[in-house]
Amino acid sequence: MSQNNNDPIKTICPYCGVGCGIGVATDDDSSEMHFRPWGDAPVNSGRICIKGGAATEVVNHEDRLTDPLIKENGGFKKVSWEKAYEYIISELERIHEEHGPDGMGFFGSSKTMNEENYLLQKLARRYGTNQVDNCTRMCHASTVWALRRSLGAGAMTNSMADLAEEADVLWIHGANPAEQHPIANSQYFRQAALDGATVIQVDPHANKTTRSFEIEDTDRHMHLQVEPGTDIALLNAVIKTILEHHEKNPEDNWIDEDFIEDRTEGFEDLKRTLADFDREAAAETCGIDLSDIEEAAEVYAQAGNAAIFTGMGMSQHTSGVDNVQNEINLALITGNIGRPGTGINPLRGQNNVQGTCDVGTMPNVLPGYQEVDDDEARESVESVWGFDIPPEPGLTNVEISHSIGDSVFGLYVMGENPLMSEPDSNAARQRFDEDLEFMVVQDIFMTETAELADVVLPATSWAERGGTVTNTDRRVQLMRPVEKVYDNTKHDLDILSEIGTRLFDDGFDFDGPEEVFEELREVCPIYHGMTYDTLSEEGLQWPCYEPGDEGDQYLYEKEFDTDNGKGYIEGVRHQPPAETPDKEYPLILTTARLEEHYNTGTMSRRSPTLNRQHPENFVDIHPKDAERYGIENGQTVQLRSRRGSIEVTAQVTDAIKEGVIWTTPHFAASSANRLTNDILDDRAKIPEYKAAAAEIDVDIDTSSSTETADD
Ligand code: SF4
């Protein structure tokens, strides 16, 4: 797969789940990498956002890890790969002997390839544990859970292309694609709006997405500025409006009775749940006028094709599964699923978060979402792997973190930074620091998590490795490598292959990613029909069950992928966030990401172009709250929750609702995750990042509040 360095290689942007194709050229003299457009890339046709254009800036970065490191006397000492491997093997064997296989947890990475994640989860299962997970737990675990249970597949039902061409209404709920998925928003969703689609955005924050749809000479944009954590009440008010209208005016077909009859189950349960539902009380709970809710309901129900986009504003709640279920309810009762321009469409965060789940880097499923506690599925994978897989699902990543010192004593972390990404990160740091016996981290930079590791392994970056990634609309695409920049770094795949072979002799000796993909195809039915050759430059959208399958642009045309082929409707009731404002903490803190930064900032904060835009954290505060606290725009304030405090710059703006404050997780010393609540949704185990009770302190000493990427 290697190419002449003078020709740009065609690969995939390492940041978000849109999956834009980009070119990377290498400077002959300096080995510097440069971005080049890939004009006919299948997803983005050469367009690029600020992150994609700056992606190469981290590849040659001077902070790159270049040698294996072992912790010694509180610092790190450079060692040979041999020494690092020997230490890792001896510790993995010791933990297995002293604590059993569940004494270890394995964290895969949505920034790494399908092949690498496949090998990591295979390693964990060969070790004897299903305690392997990835950061989808922090972003869309609840979405995946609800979609799998009620429709069949934990992924976008449709594609960016068909949505742009066919959708008459875009219902964007708890997502900010203009910042998080910029090319999807500009190339597809905004184009749909320019072509006549109506946009209904539900978000407590007026953000770049709001502004991107303020199109001249149209009023086809509604922004429902909902109170954080009241999305079920809002959707129930919408559904009840539709039900009541249909009862009086069945000829308007706001409900698709044939679709409900033929293709769904559970409608009676939904009607029972909403029998005594009070729409006016719900509107008050949401902080939105009932007339606006009614208008949104009418627009959605009357659309020829209406598509729902769902983001982390929906998923990151203790009610995350029910939030998404209510979106599914709305789509199913109106028949808005199973054809172009419709469906439930989670906008996935990282460039390979979809693929990381697809290949089984989760504690409850094997590759292709085959349940680990399903005997038949397990046996079919075992017949290829040649060893027994533990039959009980393992702990999720936040549960693994919570169990450190009790039942978990070692961690293997590939390309993730849980000490920044976990909620209540101060408590997580304490557990990692005091109660872990052993941790190995493989990464490209010294992250906050790597600082606490016993062994740090220098991995190659996204541009230097080959393999496949799967974007938000299920498109599996090839990433093609340039030459390695630092001689003593290794590909994640090769590291895992070496450790697996040293531990178990066989089953891990692969000659490159294509060989791993060939094995993955054997155990992952939705990828079975793909090869590197057929992926070519266009990629393929799963499912591809058999060689020759061309993949599906949209799912469920004839039936759902559930046991009986029906879509599952279930009535759900409003559940307030676990923490609501009180006298001590009178505000609601909510969090989100910025266009120019990326999650824990490991790469984006080291990118000069990206960091220049937002070198430090800030908080949005409504003018009335600012007045009450006596806060001036630009003033440094302290935000405080029951779990910690951070200092940030106040940005006084009516973009946020009164009583709500909004900040970001990207900056180590002032990360929102020092404040967020680590309570989990019961079923999907996703933390409630989007709502915590908080307070602002104004009189603080700001003399030492500066921050660098290494903080
Ligand atoms: Fe990369 Fe996403 Fe931007 Fe595309 S939209 S260039 S995939 S960050």
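Biologist: Leaving aside its neighbours within four places in sequence, which residues is Thr653 in contact with?

Modeller: In this predicted model, Thr653 touches Asp620, Ile621, His622 and Pro623, once neighbours within four places in sequence are set aside. The word contact requires heavy atoms within 4.5 Å. Thr653 itself belongs to the loop between strand E26 (644-652) and strand E27 (660-663). Another pair to consider is Thr653 and Ala626, which are 27 residues apart in sequence and 9.1 Å apart in space, C-alpha to C-alpha.

Biologist: Why is Thr653 called buried?

Modeller: The relative accessible area of Thr653 is 17%. Buried means under 20%, so Thr653 is placed in that class.

Biologist: E26 and E27 were just mentioned. In what order do the six strands of the barrel close?

Modeller: The barrel closes in the order E23-E27-E24-E26-E25-E28, with mixed pairing. Neighbouring strands of this sheet are turned against each other by 45° on average, direction ignored.

Biologist: How do you know that strand E25 and strand E28 pair?

Modeller: Strand E25 (residues 636-641) and strand E28 (residues 692-697) are joined by three bridges and run antiparallel. At least two bridges are required for pairing, so E25 and E28 qualify. Arg640 is found opposite Glu695 of E28, and Leu639 is found opposite Ile696 of E28.

Biologist: What makes strand E23 and E28 a pair?

Modeller: The same test applies: strand E23 (residues 587-591) has three bridges to E28, in the antiparallel sense, and the requirement is at least two. E23 and E28 therefore count as paired. Leu587 has Ala694 in E28 as its bridge partner.

Biologist: Why is E28 described as mostly covered?

Modeller: Six of the six residues of E28 are buried. Ala692, Ala694 and Ile696 point one way, whereas Ala693, Glu695 and Asp697 point the other way. As all of these are buried, each has a relative accessible area under 20%.

Biologist: Let us turn to the open sheet. Which are its edge strands, and what makes them so?

Modeller: Seven strands form the open sheet, in the order E5-E4-E18-E17-E16-E6-E7, and the pairing is mixed. Its edges are strand E5 (75-78) and strand E7 (132-133), each of which pairs on one side only.

Biologist: How do you know that strand E17 and strand E18 pair, and in which sense?

Modeller: Four bridges link strand E17 (residues 438-443) to strand E18 (residues 455-458), and the sense is parallel. Pairing needs at least two bridges, so E17 and E18 meet the condition. Within E18, Leu457 is the bridge partner of Gln442, and Val455 is the bridge partner of Val440.

Biologist: What joins E4 to E18?

Modeller: Two bridges join these antiparallel strands. The threshold is at least two, so E4 and E18 are also a pair. Ile70 is located opposite Val455 of E18.

Biologist: What makes both faces of E18 covered?

Modeller: Val455 and Leu457 on one side are buried, as are Val456 and Pro458 on the other. Helix H22 (residues 492-504) lies across E16, E17 and E18 and runs at about 145° to E16.

Biologist: Why is helix H5 called largely enclosed by the rest of the structure?

Modeller: Helix H5 (residues 141-150) has eight of its 10 residues buried, so the description follows. The buried residues are Ala141, Ser142, Thr143, Val144, Ala146, Leu147, Arg148 and Ser150. After H5 comes Gly152, with a positive phi near 130°.

Biologist: Where do helix H10 and helix H14 meet, and how do their axes cross?

Modeller: The axes of helix H10 (residues 231-248) and helix H14 (residues 290-302) come within 9 Å and cross at roughly 65°. The crossing is right-handed. From H10, Leu234, Ala237, Val238, Thr241 and Ile242 meet Ile293, Glu294, Ala297 and Ala301 of H14. By class, this contact has seven nonpolar, one polar and one charged residues.

Biologist: Finally, which residues surround the ligand?

Modeller: The ligand is surrounded by Cys13, Tyr15, Cys16, Gly19, Cys20, Ile48, Cys49, Lys51, Gly52, Pro182 and Ile183. Helix H1 (50-54) and helix H8 (182-194) are the elements that give two or more residues to this shell.

Biologist: How do the residues of the shell around the ligand divide?

Modeller: The shell holds eight nonpolar, two polar and one charged residues. Gly counts as polar and Lys as charged, so Gly19 and Gly52 belong to the polar class and Lys51 to the charged class.

Note on methods: Residues are numbered from 1 along each chain as its sequence is written. This is a predicted model: local features need pLDDT of at least 70, side-chain atom pairs count only at pLDDT 80 or more; totals for chains, interfaces and linings use all residues. Side-chain values use heavy atoms; hydrogens and water are left out. A residue is near a molecule or strand if one of its heavy atoms lies within 4 Å of it. Axes are lines fitted to C-alpha atoms, for helices over the stretch in contact, and angles run from 0 to 180 degrees between N-to-C directions. A crossing is left-handed if the near helix is turned anticlockwise from the far one by less than a right angle, and right-handed if clockwise. Buried means under 20% relative accessible area, exposed over 50%, partly exposed in between (1.4 Å probe, protein chains only).
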